[in-house]
Every structure is written in structure tokens, then in C-alpha cells.
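Hello,

Here is the structure I promised to pass on to you. Please have a look at it first, and then read my notes below.

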Amino acid sequence: MRNLFFSLTWLTTCGSCLFGTITASSAMGADIKHLDTNLINSDYPMDATPVLKDPPSLALWESVENEYPEYNDDSRIEIPEPLLFDLVRPLGARKGEIEINTLSLFPWSKSNTNPEDSDPFGFGPTTPDRKGIEWAPELEYAIADNFAIEFEFPFENSTLEEYKLGLQWTIGTAFNNHYIHGFQMLVEPTVEWANWNTTLLYLGGIRFNDTWSALFMLGGRMDLEGSQNAQTFERILNVSIFANVAKSTELGVETNYASKLNGESSFIVVPQIHYEIMEGLQIQSGLGFGAFSGGQEQSFILRMIASW
């Protein structure tokens with residue numbers, strides 16, 4: 001009996017331990033299964049880097065754009081174009097922009113001791129001064145962002161004097177998006193294709209604040225053909241200052257200076273007003289006061305602009 005009692009006690013103890021182990025294992029397996037399911041359905045799976053449900057806040061990108069606006073495709077420094085010596089398109093032109101405009105010069109006082117010399121107010125630096133009304137229709141088109149092309153047809157009275165091709169490239173911005181710059185090249189053959197004049201300019205625009213801005217051009221031009229073509233080289237410096245005085249009105253003063261190697265020079269000052277009649281339609285007008293080696297000229301200047 002005593003041996004039987006000990007045997008039953010030992011079996012009972014072992015059975016309890018075994019049952020407890022099986023129960024605990026089953027419970028742990030259930031917990032693990034439940035935990036795996038939760039992990040699979042959670043944002044932090046066990047076998048991957050934690051993934052966030054919501055995207056990063058846009059405030060991060062907005063702060064980057066504010067600090068480095070030159071990397072924002074929508075950023076653009078608005079610098080007005082001079083009236084007499086305009087740009088192919090405003091610096092920072094966007095692909096697809098189109099402009100049609102016509103510049104007209106109406107001289108009311110003029111003297112030129114050598115009419116065969118180039119006309120400082122005229123569009124063609126190699127054409128004679130006929131003392132008439134000068135006008136030039138042109139078409140401008142931005143074929144890519146920051147790159148534009150123009151075709152211009154300068155007339156004096158009813159005579160087509162030359163053809164004009166312009167190319168302009170905007171490099172980019174600097175100084176916390178207050179400065180924008182680029183290059184402009186002009187090629188102007190006469191209608192007889194006998195003489196070709198070329199111009200290369202560096203362009204720089206500065207936006208001081210919401211009201212004041214400035215634009216300058218620095219470079220040179222010369223004839224490509226002829227034994228004396230080197231003597232036709234001219235240094236060019238144009239500086240213009242503008243003020244946005246109203247939502248649709250800008251006032252400005254444009255200066256154009258050119259000097260040749262032989263000492264001849266010209267200087268023109270053009271106070272002007274730009275008025276936006278409606279979106280895409282603008283009128284610019286001003287008075288030109290010029291002095292040059294062959295004489296002097298005062299002209300009324302008008303430009304009509306339509307853009308898309």
C-alpha cells in the first residue's frame with residue numbers, strides 16, 4: 001500500500017507538470033500568433049523599416065523653397081524691359097511665351113551732318129539715316145525655359161532696311177533671388193545680304209524691392225565683313241531704372257551709350273512710361289533725347305505689345 005501511494009503521488013505530480021507545460025505552450029503560441037497578426041497589420045512590421053502612414057509635412061519643402069527660391073520653378077524676378085533697346089523676352093522667360101510688338105520712332109527735331117553714318121536712334125546700325133519715321137514689327141517666342149528667340153523687320157518710312165534675329169539665354173538668379181542675368185546675341189544682315197552686323201551683350205537685372213528695379217546691358221557690336229570691319233566695333237553700355245508706381249503702371253529712365261574705336265560716340269536718354277491696358281496688352285511711350293558725333297535728335301517713341 002505504501003508503495004502504491006507513492007507511485008500514485010509521483011504520477012499525479014508528473015501529470016500536473018506536463019499538463020501545465022502544454023497549457024502554457026498553447027497559450028504562448030496563441031499570444032505569439034496574435035502578436036504576429038498585429039505586427040503584420042501594423043505600421044511597423046518586424047521584417048521591414050518602420051513606415052509612416054502620413055507623408056512628411058509640406059512645411060519642410062516650403063522652408064527650402066523660401067530659403068532657396070532659385071530652385072522653385074515658379075519663382076521669377078520681374079524686371080521691366082527698356083523701351084528703345086528692349087530684350088528678346090523678359091529675363092526668366094518660360095517655354096511657350098509669345099509676344100508681338102511694334103516699336104515706332106517719330107523724330108520732331110533732328111540734325112545729322114553725315115547721313116551716311118549709322119543712325120543712333122535707328123534699328124539698323126549699318127543703314128543710312130533717311131530722316132524718316134522708323135518702325136519695326138517683331139515676333140518673340142520662348143522655345144524653352146530661359147531661352148527665347150525673336151525675328152524683327154526694321155523699316156524707315158516704307159523701306160525695309162534689314163532683317164534681325166535675336167537669341168537670349170537666361171543663366172539664372174543670385175543674391176537671394178534679387179538678381180537675374182543672361183546673354184543676348186543679335187544678328188542683323190541688310191536686305192541685300194551685303195553686310196552683317198552682330199551684337200553680343202551680358203544682361204543683368206536687379207530687383208531692389210517691390211517698387212524699384214534696374215537693368216543693364218554690357219557688350220559690343222561690329223560688322224562681320226569688310227577690310228575696315230574692325231573700325232566698326234562699338235562698346236555698348238545701357239542702364240535703365242524703373243519704379244512700379246501702381247498695379248498697372250511703371251515709370252523708368254533708360255540710357256544708351258555707344259562708342260567706336262575711332263572716337264565717335266552717342267548717348268541717348270529716354271524717360272518713359274509703361275501702362276498695362278489689360279492682361280497681355282501693354283503700351284509703352286517715352287521721349288528720346290540723343291546726342292552723337294554727327295548731330296542730335298529728339299523723338300517721340302511708342303511701343304505696342306501683345307503677349308500670351
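A good place to begin is Glu254, where a polar atom of the side chain lies 3.0 Å from the backbone nitrogen of Leu83. That fits a polar contact (a pair of N or O atoms within 3.5 Å; within protein, one must be able to donate a hydrogen and the other to accept it, and residues adjacent in sequence count only if both atoms are side-chain atoms).

Before I go on, a word on the source: this is a predicted model, in which local features need pLDDT of at least 70 and side-chain atom pairs count only at pLDDT 80 or more, while totals for chains, interfaces and linings use all residues. Residues are numbered from 1 along each chain as its sequence is written, and side-chain values use heavy atoms, with hydrogens and water left out.

Back to Glu254, which is found in strand 11; strands (E, at least two residues) are DSSP runs, numbered from the N terminus. The side chain of Glu254 also makes a polar contact of 3.1 Å with that of Gln272. Contacts (heavy atoms within 4.5 Å) of Glu254 beyond four places in sequence include Pro82, Phe85, Val239 and Ile268.

Which side chain of opposite charge is nearest to Glu254? That is Arg303, 7.5 Å away, and Glu254 is buried yet has no salt bridge. Here buried means under 20% relative accessible area, exposed over 50%, and partly exposed in between (1.4 Å probe, protein chains only). Lys and Arg count as positive and Asp and Glu as negative, with His and the chain ends not counted; a salt bridge needs a side-chain nitrogen of Lys or Arg within 4 Å of a carboxyl oxygen of Asp or Glu.

Strand 11 (residues 249-260) also holds Glu250, which is buried at a relative accessible area of 18%. The side chains of Glu250 and Asn244 are joined by a polar contact of 3.1 Å. Glu250 also touches residues including Pro80, Gln272 and His274.

Now to the rings: the structure holds ten aromatic pairs (rings of Phe, Tyr and Trp, using its six-membered ring, with centres within 6.5 Å; planes under 30 degrees apart are stacked, over 60 edge-to-face and the rest tilted). Trp169 and Phe183 are stacked, because their ring centres are 6.4 Å apart and their planes at 15 degrees. Trp169 lies in strand 6 and Phe183 in strand 7, so this pair ties together parts 14 residues apart in sequence. Trp169 is partly exposed at 43%, and Phe183 is partly exposed at 36%.

Best wishes

Definitions and conventions. Helices (H or I, at least four residues) and strands (E, at least two) are DSSP runs, numbered from the N terminus.
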